[in-house]
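Please look through the structure shown here, beginning with how its chains meet and then turning to a pair of helices. The model is a predicted one, and the values that follow are computed from it.

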Number of protein chains: 2
Amino acid sequence: MARKTSRPAWIAGAALIGFAVAFAAQADEYAQYRDFFEPLPAMPPLPAENSMNQARIDLGRMLFFEPRISASGVISCATCHNPALGYTDRIPRAVGHDGQIGERNTPTVLNSGFFGAQFWDGRAATLEEQALGPIEAEVEMAMPLEQALERITEFDIYVERFHAAFPGDDDPVHADNVALALAAFQRTLNTPNSPIDRWLFGDDGAMTEAQKRGMVAFVERGCLACHAGPAFTDSQFHNIQTPGSTDVGRFLVTGEEQDRHAFKTPTLRNVALTYPYFNNGEVAALDQAIVVMGREMLGVELEGQELEDLVAFMHALTGEIPDFPVPALP
Amino acid sequence: MARKTSRPAWIAGAALIGFAVAFAAQADEYAQYRDFFEPLPAMPPLPAENSMNQARIDLGRMLFFEPRISASGVISCATCHNPALGYTDRIPRAVGHDGQIGERNTPTVLNSGFFGAQFWDGRAATLEEQALGPIEAEVEMAMPLEQALERITEFDIYVERFHAAFPGDDDPVHADNVALALAAFQRTLNTPNSPIDRWLFGDDGAMTEAQKRGMVAFVERGCLACHAGPAFTDSQFHNIQTPGSTDVGRFLVTGEEQDRHAFKTPTLRNVALTYPYFNNGEVAALDQAIVVMGREMLGVELEGQELEDLVAFMHALTGEIPDFPVPALP
């Protein structure tokens, strides 16, 4: 059970609505369920403070793949946020500098521009605030920012690219701009055109019957209470006891008792690709993760056909993964 | 100085020829130098034992980017043979499992299908023989092959892909086929259309004047004695004392005194991208590497305009880097 119930009060209401529309679904082929979901917009919200020009995106892409801003010289953002693995690492907990194993499962950066908070505990509000943390973290890239900047400055092409990306900045090679460029690039890592997106845009055949039944269960059971909006996350923090975890989560950030064992709702977009699950990556299988969520957050045992349908629906959230060649670094 | 001179006797001859054709070059615009070089063929020699079908190449690409066949779960072939970094790592010596630092500089896999020997010490003759070594090596991926195969077998898609790649093999998920697939993929990692290739095919403007002068110096000085053929390597072993190295090189393989401190001639294709240089990666700058080669192998001090021209010529060996999206792994 969840250590503290933090389900919004309207879950019960949503469940009732879900029941009502489920009943009607057979008549109108699920169409009214479209009101519960939002297709992924072409772009996440773009902050006025980080104007997203192509030069900035390109520089961010280079920095994302750049291993020499780590102490070992071989760990880049793309090591744990691996493009081959859904921009995560598909191991329970991140492995970083000198093989050290971190405390938490690597979250995907796909669609992260749509998140209202970053990291499992929300210790950063924005991608810009998030970007530099892993470079300096001792168990990740373990590189003091000043040294990282020195390495970058060795390459004329990087200096040129910073000038192109930040034309108003006379001395643009500094940590704030590294964060801005990385954030600008990450805002392009979106996964449109998943089956549910295509279905929301009107293509009735884009989801299978099982996926549509799973969608109904998802609404009925109240999963939508937290996994809502274009990225299927409310970006809020909810108390949960995941298998094997002793992590106090957001309590480390706020010191508030109510945040003990609270974690940010993870996106469900591409969830079939971003296993293993939960803050400690202890659950490898998607169906098992759904069972845990039912128990911990909803107080129900999900099983049988309904569980299978929910798994099918989760697969309907897999979109088009960004597809570009690895940048050539200097 | 080289600990043992291993220059072929015909270097002196080549130098004389070089002098003669250099003298004539002003009249015919370097054209006769075309006889000294070979453009990169579209494909390296393909062994009959490893039929190169598309399914095998695609499987090899997946395995090349697959970090879960390492003990940590985060090191793949592409970690050290990084596509962003000329399929090498651009650090002096390879960093592997738990941050251990290896003895030698990571060689590029670009054009490695053209090499007649693999590894700095030639302990593997072919790409097939080479492929499995780094997976098991304790300082690299540190993964017993049986465990690597168990991890692969967990994924239905891999099992399917092995069947597609090895249609004659009833039980195709085994180490030999991992090696065949990786080798097949690596034989596609070639870099055609460099300036010298385009010049060899007849485009007089493909190389700059400095590059052409550097080409003349390259022939005159006898560099071609070892850096010959389509990949600019004879795939032979030559004794050399590189700065800071105590590595006995090929002696470890053969136990023959004559092989003490002998290393395979590295390819010069894309040499501008594959810094730092030599078996221990101790020399970061291309011009300095050329100076060392002059001293150690040719007994000359290369400097001034000639050195600048040789550097320019090395840049003429940079080809088109393979350009494909990172594969999606299961």
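**How the chains meet**

In this predicted model, chain B brings 25 residues to the contact and chain A brings 25 residues. Between them, chain B and chain A bury about 2000 Å², and 63% of this area lies on carbon and sulfur atoms. On the side of chain B, the residues V74(B), A84(B) and V326(B) together supply 24% of the area that this chain buries against chain A, which is more than any other three residues supply.

The arrangement of the two chains can be described by superposition: a turn of 180 degrees, with a shift of 0.0 Å along the axis, lays chain B on chain A with an RMSD of 0.0 Å. The two copies are thus related as by a two-fold rotation axis. Of the interface residues of chain B, 100% are also interface residues in chain A, so the copies meet through the same surface.

**A pair of helices in chain A**

Within chain A, helix α12 (residues 286-298) packs with helix α13 (residues 304-315) at an angle of about 115 degrees, and their axes are 10 Å apart. Because angles of 65 to 115 degrees count as roughly perpendicular, α12(A) and α13(A) are therefore described as roughly perpendicular to each other, and their crossing is right-handed.

The residues that meet here are L286(A), D287(A), I290(A) and V291(A) from α12(A), and L307(A), L310(A), V311(A), M314(A) and H315(A) from α13(A). Sorted by class, this contact of α12(A) with α13(A) has 7 nonpolar residues, 1 polar residue and 1 charged residue.

Notes: Residues numbered from 1 in each chain as written. Chains lettered and ligands numbered in written order. Predicted model: local features only at pLDDT ≥ 70, side-chain atom pairs only at ≥ 80, totals over all residues. Heavy atoms only, no water. Least-squares fit on C-alpha atoms with pLDDT ≥ 70 in both. Contact = heavy atoms within 4.5 Å. Axes fitted to C-alpha atoms, helices over the stretch in contact; angles between N-to-C directions. Helix = DSSP H or I, 4+ residues; strand = E, 2+ residues; numbered from the N terminus. Parallel < 35°, antiparallel > 145°, perpendicular 65-115°, else oblique. Left-handed = near helix turned anticlockwise from the far one by under 90°. Nonpolar A, V, L, I, M, F, W, Y, C, P; charged D, E, K, R; others polar. Buried area = accessible area lost by both parts, 1.4 Å probe.
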